[in-house]
Amino acid sequence: MNPHTPLDVLIIGAGPTGTALAVDLARRGLDIRIVNKSEHAFDGSRAKGIQPRTLEVLEDLEALDAVLAGGCTYPLVGIHVGPLAAPWRMMRNRKPSADVPYPNTWLIPQYSTDRALHDRLAQLGRHVEFGTELTELAQDTDLVTATVAGPDGIEEITARYVVGADGGSSAVRKQLGIGFTGSTDEQDRMIIVDAVTTGLSRDRWHMWPRTGGRFTGACPLPGSDLFQWMIRLDTDEEPMLDEAGLNERIRSATGNSRITLSDIRWTSVFRPNIRLAESYGQGRVFIAGDAAHVHPPAGAQGLNTGIQDAYNLGWKLAQVLAGADPALLDTYEAERMPIAAAVLGLSTKKYDGIAKLDPSSLKRGKDEQQLALTYFGGPLAPADSGRTRTLRVGDRAPDAVLTGRDGERIRLFDAFRGPHFTALAHGRRAAAALDRLEWPTAGAQLKRIAVGAPAERADQLLTDSAGTLGRVHGLTEDTLLLVRPDGYIGHIATEDILAGTRAAVEALTPPVESRTQAAPGGAA
């Protein structure tokens, strides 16, 4: 690369959010760099629950196999009261269905999730630059200049866009002067420890509750002999983080002298932060993940919300770099900030319930799974948009099992996978519109699927033998669905199918007549 040629995107922070964004942009062919202040990848278990919607995102990014291999479904909770341990089911494990292939929250330590994403990024020929810290940001109408301090000294990096995914203490957010509204309870502290543990069964997430919301918990971490210990401290209690002090504290709290911690891998003193950024960016600089919102740990929401921030922002950056209206980037904050606000409310309610020893605070269900999150009512999915019997514009596009020409079973998510848009035409009128729909040569391309009717330009001709599109997708008449690259429905057309779809496409893509736009990787 010419050192004087600006990058397309510089990403600050290589946790799950930043690396997911890097993977998405790299597979789109953009010229990116990703830097991280720490000298090495995060080695703690901190965020350890991946929700069903995020599993779908990871499948699209081709990082899912490693995540599934490194985790498991959640065990029963074992609530210890004296010498007895009562089993409690935190969530009901469900079987995969045609529309929801990954219905259960996945237990996996954060270091394994990070490794899966870093490995996927390496497959795309990109690597995290560790030990590289942002020191200054400056921008004008065309470019951003980031000054970083790395192993080779001070460097100025010029990029068309910068994204800060650098955590709750985000240097990017502070450089922009964006407020971080909310609270931190300095009196409510929790020790979190990853350690080899003996004297405790690995088939339970163990909990020892106490009055006043204090508790000790131990969750077995898949793929290791480690437990993640959580010790909620008394108000005036001094945290002990050495091995002898932790063993003494845990044996006292549990009444079990056989429990032994050794080989401590990671420790942290956690204070619940409940904060939301006042904006998600400024000019050509954006923030995502914990840099934009921080959550209490209950409900496994923070990491998941961050990865989905990245998934929302990635395709929009690529489209604008390819020539789409820059106003498309304004929809990032408009779509994601309300989601974060709602998630903050959910995780705060769950965390407060633990303090009251409310059993429902341990329950996990559809609210946590993030499958029902929608952008309906937002700038790309106005309330007067089209709908089917079961879906609205802005909703997640469900999976389905369809039938190919030779009778083979084909998942709709397999058709969605990749950096493209997907147009799904159901019925003859929709198939005719699919054949006549123009698409720009710049930016994300269009995959055309016709179901139940022939279309000359279709990439796939399928049939709905199992009736999933009628039952789950609510397609009862000729309908054209436009699915965005992030798997949400961008348009539903049942009347004036071609004209309506053309109008929707204009807000999402470079102009159709733009035949000379530069491709991502060197786009202006």
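These are my notebook entries on selected features of a predicted model.

**Entry 1. The seven-stranded sheet**

I began with the strand order of the open sheet, which reads β6-β5-β14-β15-β16-β13-β17 across seven strands, with mixed pairing. I noted β6 (84-88) and β17 (260-270) as the edge strands, each pairing on one side only. I then looked up the turn between neighbouring strands of this sheet, which averages 20 degrees with direction ignored. Next I recorded what packs on the sheet: helix α6 (residues 243-254) touches β13 (190-198), β14, β15 (215-220), β16 (226-232) and β17. The direction of α6 makes about 90 degrees with that of β17.

**Entry 2. Pairings around β14 and β15**

I followed the ladder from β5 inward. Strands β5 (residues 76-81) and β14 (residues 204-209) run parallel and are joined by four bridges. Within that pairing I found R204 of β14 as the bridge partner of L76.

On the next step the sense changes to antiparallel, with four bridges between β14 and β15. Here H206 has A218 in β15 as its bridge partner. I also noted that β14 and β15 form a hairpin with five residues between them, and that G212 in the turn has a positive phi of about 75 degrees.

The pairing of β15 with β16 is likewise listed as antiparallel, over five bridges. T216 stands opposite I231 in β16. These two strands form a hairpin with five residues between them, where G223 in the turn has a positive phi of about 70 degrees.

I then asked how much of β15 is covered: six of its six residues are buried. F215, G217 and C219 point one way from the strand, while T216, A218 and P220 point the other way, and all are buried.

**Entry 3. T254 in helix α6**

I turned to T254, which is found in helix α6. Is T254 buried or exposed? Its relative accessible area is 12%, and the cut-off for buried is under 20%, so T254 counts as buried. I looked up its polar contacts next. The side chain of T254 reaches the backbone oxygen of I250 at 2.8 Å. A polar atom of that side chain also lies 3.2 Å from the backbone nitrogen of N256. Setting aside residues up to four places away in sequence, T254 touches W208, T216 and I259.

**Entry 4. R53 in helix α2**

I located R53 in helix α2 (residues 52-60). With a relative accessible area of 3%, R53 is buried. Which residues is R53 in contact with, leaving aside its neighbours within four places in sequence? I listed Q308, Y311, Q369, Q370, L371, R396, D486, G487 and Y488. With one of these, D486, there is a polar contact: the R53 side chain reaches its backbone oxygen at 2.8 Å. I also took the C-alpha to C-alpha distance from R53 to V483, which is 16 Å in space for 430 residues in sequence.

**Entry 5. The two sides of helix α13**

In helix α13 (residues 497-506) I marked I497, L498, T501, A504 and V505 as buried. Why do they fall on the same side of α13? They cover an arc of only 130 degrees around the axis, which puts them on the same side of the helix. An α-helix has 3.6 residues a turn, so residues three or four places apart point the same way. On the other side of α13, A499 and E506 are exposed. I then looked for the cover over the buried residues, which includes α11 (428-436), β27 (479-483) and β28 (489-493).

**Entry 6. Aromatic pairs**

My count of aromatic pairs comes to 10. One that I examined is F286 with Y332, an edge-to-face pair at 6.1 Å centre to centre with 80 degrees between the planes. This pair links distant parts of the chain, as F286 lies in strand β20 (residues 285-287) and Y332 in helix α8 (residues 330-355), 46 residues apart. Both F286 and Y332 are buried. I recorded them with Y161 and Y280 as one aromatic cluster.

**Entry 7. Strand β18 and its partners**

Lastly I checked β18 (residues 273-277), which runs antiparallel to β12 (residues 180-184) with five bridges between them. T184 stands opposite N273. Strand β18 is also joined to β21 (residues 293-294) by two bridges, again listed as antiparallel. There, V294 in β21 is the bridge partner of R275.

Definitions and conventions: Residues are numbered from 1 along each chain as its sequence is written. Side-chain values use heavy atoms; hydrogens and water are left out. Buried means under 20% relative accessible area, exposed over 50%, partly exposed in between (1.4 Å probe, protein chains only). Contact means heavy atoms within 4.5 Å. A polar contact is a pair of N or O atoms within 3.5 Å; within protein, one must be able to donate a hydrogen and the other to accept it, and residues adjacent in sequence count only if both atoms are side-chain atoms. Two strands pair if DSSP finds at least two bridges between them. Axes are lines fitted to C-alpha atoms, for helices over the stretch in contact, and angles run from 0 to 180 degrees between N-to-C directions. The arc is that of the directions from the helix axis to the C-beta atoms. Rings of Phe, Tyr and Trp (its six-membered ring) pair if their centres lie within 6.5 Å; planes under 30 degrees apart count as stacked, over 60 as edge-to-face and the rest as tilted.
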